Protein chains: 2
Amino acid sequence: MSRRDELAEGATDYALEHGLIGLSLRPLAAALDTSDRMLNYHFGSKDALIAAVLAVSNERSLVTIRALPVSASIRQGVLDLWDAFTEPQVARCQRMYVEAASLGLFGREPYAASVRQSNESWLAALATHLERSGASKARAPRLATLVDATFNGLMLDRPLDGDTAGRRVVVDLADALS
Amino acid sequence: MSRRDELAEGATDYALEHGLIGLSLRPLAAALDTSDRMLNYHFGSKDALIAAVLAVSNERSLVTIRALPVSASIRQGVLDLWDAFTEPQVARCQRMYVEAASLGLFGREPYAASVRQSNESWLAALATHLERSGASKARAPRLATLVDATFNGLMLDRPLDGDTAGRRVVVDLADALS
DNA sequence: TGGGTTATGTAGCAAGTGCTACAGAGAGCC
DNA sequence: GGCTCTCTGTAGCACTTGCTACATAACCCA
């Protein structure tokens, strides 16, 4: 693994823990036992670093979703997706996605572009899972968009740790969609 | 209206247009034809200013929702809420709410507290509308939570201007809930 | 042993941050 | 007139930001 990739992985871990909004190079560099000088050397700019971090985080999320076994029904598929979504490893990636999406709300780069790209592959992964769980090829993408929006909205409003309220909402949604 | 209230209204307009993340006192003060010195005098700190801005914005959103005429059914109630939600005046307030929620994701104040408070009254308003549109007293709050999460998630992922895709998702949701 | 590419450390710049010390203006009251 | 109280302008502090100029070290290949 190249030094750049090592730093990208480390920076991703750091951003997942400390947040993306207000992330600054010097504390990040200190945590990675290097210097802001080195981060700029390997990535060229803070924006490029951020883009790399978001790509790494998105890839980590996708791996989990793609590895999900087929669910027995659409209803169960939605619930299984929620369980995957709230699994701490994935949840932190999604939390960072939410931060990136907020930063991109006014079109600010590199956030807006990264978010568009992440969202595309993420929706595709959700749709694939729902399709393999019984949704028609036509319905799966629309279901995926709905499910994704609801999940992200829950992430936004509810504190992420041990929220049973969130799951109740998802059960309501899954029931309604059956 | 006191000078402080005038400034709070003006600051809210400015924040709605330019975003909450990265808002800084000097450009804001310049736009309001005053100085950072004055903002700090009237509000005491930037955090207090932000809290005031979020309160004003939340109140503006609530006024619109509360003024909504009763809908003919739950399904129609959800659609009417979406139309209210995407009406530019309200949509910008909700966009700022999303920013505040992101800033509060890691517990950072004053965002986390403001978001909790805003969300509470907002959910209550949604539930009231859904109840008046035919939902049972028991079901209305849970419906409201689901609808709110979906709306906010859509705000997050889709560019807010002229998104017909967002409405299609809401129609799916409304259909499923009937 | 050279030479060139890659990687790293030191120091610093210009700009922007929230906030404050200090003095002054203006109004109302005795 | 004097007095206080509310409000405002000037200037600046201490700090952080992303980024860079410059010199140095480490390495591989000829």
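# Briefing: two protein chains and two DNA strands

B:Pro110 sits in the loop that runs between α6 (88-103) and α7 (111-132) of chain B. The structure is a predicted model. Chain B can be superposed on chain A with an RMSD of 0.0 Å, and residues of both chains surround DNA strand C and DNA strand D. The points below treat the two copies, one helix, the DNA strands, two individual residues and some unusual backbone geometry.

**The two copies**

- In general, a rotation about an axis and a shift along it relate two copies of a chain.
- Here, a turn of 180° with a shift of 0.0 Å along the axis lays chain B on chain A, and the RMSD is 0.0 Å.
- The two copies are therefore related as by a two-fold rotation axis.
- Both copies use the same surface, since 100% of the contact residues of chain B recur in chain A.

**Helix α9 of chain A**

- Helix α9 of chain A covers residues 164-177, which is 14 residues.
- From the first C-alpha to the last, this helix reaches 20 Å, close to the 20 Å expected at 1.5 Å a residue.
- Which residues of α9(A) are buried? They are A:Gly166, A:Val169, A:Val170, A:Leu173, A:Ala174, A:Ala176 and A:Leu177.
- Viewed down the axis of α9(A), these buried residues fall within an arc of 160°, so they line one face of the helix.
- The general background is that an α-helix has 3.6 residues a turn, so residues three or four places apart point the same way.
- The cover over the buried residues of α9(A) comes from both chains: it includes α5 (74-86) and α8 (139-157) of chain A, together with α8 (139-157) and α9 (164-177) of chain B.

**DNA strand C**

- DNA strand C is surrounded by 14 residues, of which the closest are A:His42, B:Ser24, B:Arg26, B:Asp36 and B:Lys46.
- Among the atoms of DNA strand C that come within 4 Å of the protein, sugar and phosphate account for 36%.
- Two side chains approach the bases of this strand: an N or O atom of A:Arg37 is 3.0 Å from a base oxygen, and an N or O atom of B:Arg26 is 2.8 Å from a base nitrogen.
- The side chain of B:Ser24 has an N or O atom 2.4 Å from a phosphate oxygen of DNA strand C.
- At least two residues of the surface near DNA strand C are supplied by each of α3 (36-43) of chain A, α2 (25-31) of chain B and α3 (36-43) of chain B.
- Which helix gives the most to this surface? It is α3(A), with 4 residues.

**DNA strand D**

- There are 15 residues around DNA strand D, and A:Ser24, A:Arg26, A:Asp36, A:Lys46 and B:His42 come nearest.
- Sugar and phosphate make up 40% of the atoms of DNA strand D that come within 4 Å of the protein.
- Chain A side chains approach the bases: an N or O atom of A:Arg26 is 2.8 Å from a base oxygen, and a polar atom of A:Asp36 is 2.5 Å from a base nitrogen.
- From chain B, a polar side-chain atom of B:Tyr41 lies 3.4 Å from a phosphate oxygen of DNA strand D.
- Two or more residues of the surface near this strand come from each of α2 (25-31) and α3 of chain A and α3 of chain B.
- The largest share of that surface, 4 residues, is given by α3(B).

**Two residues of chain B**

- B:Ser57 belongs to helix α4 (residues 46-66) of chain B.
- Is B:Ser57 buried or exposed? Its relative accessible area is 4%, under the 20% cut-off, so B:Ser57 is buried.
- Beyond residues up to four places away in sequence, B:Ser57 touches B:Thr12, B:Leu16, B:Cys93 and B:Met96.
- B:Arg75 is placed in helix α5 (residues 74-86) of chain B and, at 30% relative accessibility, counts as partly exposed.
- Apart from neighbours within four places in sequence, B:Arg75 is in contact with B:Val171, B:Ala174, B:Asp175 and B:Ser178.
- B:Arg75 and B:Ala176 are 101 residues apart along the chain, and their C-alpha atoms are separated by 8.6 Å.

**Unusual backbone geometry**

- Most residues other than glycine have a negative phi, and most peptide bonds are trans.
- In chain A, the peptide bond from A:Glu109 to A:Pro110 is cis, with omega near 5°; A:Pro110 lies in the loop between α6 (88-103) and α7 (111-132).
- In chain B, B:Glu109 and B:Pro110 are joined by a cis peptide bond with omega about 5°.
- A:Asp33 is not a glycine, yet its phi is positive, at about 60°; A:Asp33 lies in the loop between α2 and α3 of chain A and is exposed, with a relative accessible area of 71%.
- B:Asp33 has a positive phi near 60°; B:Asp33 lies in the loop between α2 and α3 of chain B and is exposed, with a relative accessible area of 72%.

Conventions: Residues numbered from 1 in each chain as written. Chains lettered and ligands numbered in written order. Predicted model: local features only at pLDDT ≥ 70, side-chain atom pairs only at ≥ 80, totals over all residues. Heavy atoms only, no water. Expected span 1.5 Å × (residues − 1). Buried < 20%, exposed > 50% of the residue type's maximum accessible area, 1.4 Å probe, protein only. Arc of directions from axis to C-beta. Contact = heavy atoms within 4.5 Å. Least-squares fit on C-alpha atoms with pLDDT ≥ 70 in both. Near = heavy atom within 4 Å. Polar contact = N/O pair within 3.5 Å; in protein donor to acceptor, adjacent residues only side chain to side chain.
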